[in-house]
Amino acid sequence: MDKGQLIEYSIAKDGAYLDFPFSGGDYATVKIKNNKTGKYRIFAEIFTLNDKDYLTFSTDEETAFALRNSYPNLVTKGYHCPPVQAKFKSSVDIANMDNKSIKKFVDISYLRAKKMLKIL
């Protein structure tokens, strides 16, 4: 899966939309919004770092710990995440992970975002 395919997979989720919050347009965030409250959550961050394409995604603390232990040196603490978010966010080089796992990470993060926003 390449960066473009990952973005397409992520924005195909119900209610998902693409944003580029930083200058340069090479750091994509995929968000979901609760239209009743106006609050949103990022569930996928897709970016290039040192010529490698990465996905940063969110899980609960236990799942993040388990994934980092199951995939040492592949799933790492979320790139550039503040300490308060580091226990929930993980990053992965998409070229080094199979498509099924990448999609699973996006799905988990999407469902977590929906739950946090109380979107049923």
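Visitor: What makes strands β4 and β6 a pair?
Guide: Strand β4 (residues 52-58) and strand β6 (residues 89-93) are joined by 5 bridges. Pairing takes at least two bridges, so β4 and β6 qualify as a pair. They run antiparallel, and one example of the match-up is Thr56, whose bridge partner in β6 is Ser91. Keep in mind that this is a predicted model.

Visitor: Let's stay with Ser91. Why is Ser91 called buried or exposed?
Guide: The relative accessible area of Ser91 is 2%. Buried means under 20%, so Ser91 is called buried.

Visitor: What makes the link between the side chains of Ser91 and Thr56 a polar contact?
Guide: The distance is 2.5 Å between the two side chains. The limit for such a pair of N or O atoms is 3.5 Å, so this one counts as a polar contact. Thr56 is therefore tied to Ser91 by its side chain as well as being its bridge partner. Leaving aside neighbours within four places in sequence, Ser91 also touches other residues, including Phe47, Leu74, Val75 and Tyr79.

Visitor: How do the strands line up across the whole sheet?
Guide: The sheet is open, with 6 strands in the order β1-β2-β3-β4-β6-β5 and antiparallel pairing.

Visitor: And which strands are called edge strands, and why?
Guide: Those are β1 (16-19) and β5 (75-77), each of which pairs on one side only. On average, neighbouring strands are turned by 25° against each other, direction ignored.

Visitor: How do you know that β3 pairs with both β2 and β4?
Guide: Count the bridges: 7 join β2 to β3, and 5 join β3 to β4. At least two are needed, so both pairings hold. Lys31 has Ile42 as its bridge partner in β3, and Leu49 has Lys52 in β4. Look at the hairpins too: Gly38 takes a positive phi near 80° in the one formed by β2 and β3, while Asn50 takes a positive phi near 50° in the one formed by β3 and β4.

Visitor: Where do the helices sit?
Guide: Helix α1 (residues 3-11) lies across β1, β2, β3 and β4, at about 175° to β3. Helix α2 (residues 61-70) packs on the sheet and touches β4, β5 and β6.

Visitor: Now the rings. Why is the Phe47 and Tyr54 pair called stacked?
Guide: The centres are 5.7 Å apart and the planes differ by 15°. Rings pair within 6.5 Å, and planes under 30 degrees apart count as stacked, so the Phe47 and Tyr54 pair gets that label. Both residues are buried. They also belong to a cluster that ring pairs build together with Phe22, Tyr27 and Tyr79.

Visitor: What about Phe57 and Phe105: what makes that pair stacked?
Guide: Here the centres are 4.6 Å apart and the planes are at 5°, so this pair is stacked. Phe57 lies in β4 and Phe105 in helix α4 (residues 99-117), so the pair ties together parts 48 residues apart in sequence.

Visitor: How do you know whether Phe57 and Phe105 are buried or exposed?
Guide: Phe57 has a relative accessible area of 1%, and Phe105 has 1% as well. The cut-off for buried is under 20%, so both are buried.

Visitor: Last one: why is Lys13 said to lie over the ring of Tyr110?
Guide: Lys13 is over the face of Tyr110, at 5.6 Å from the ring centre. The distance limit is 6 Å, so Lys13 falls inside it.

How values were computed:
Residues are numbered from 1 along each chain as its sequence is written. This is a predicted model: local features need pLDDT of at least 70, side-chain atom pairs count only at pLDDT 80 or more; totals for chains, interfaces and linings use all residues. Side-chain values use heavy atoms; hydrogens and water are left out. Helices (H or I, at least four residues) and strands (E, at least two) are DSSP runs, numbered from the N terminus. Axes are lines fitted to C-alpha atoms, for helices over the stretch in contact, and angles run from 0 to 180 degrees between N-to-C directions. Contact means heavy atoms within 4.5 Å. Rings of Phe, Tyr and Trp (its six-membered ring) pair if their centres lie within 6.5 Å; planes under 30 degrees apart count as stacked, over 60 as edge-to-face and the rest as tilted. Buried means under 20% relative accessible area, exposed over 50%, partly exposed in between (1.4 Å probe, protein chains only). A charge sits over a ring if NZ of Lys or CZ of Arg is within 6 Å of the ring centre and within 35 degrees of the ring normal. A polar contact is a pair of N or O atoms within 3.5 Å; within protein, one must be able to donate a hydrogen and the other to accept it, and residues adjacent in sequence count only if both atoms are side-chain atoms.
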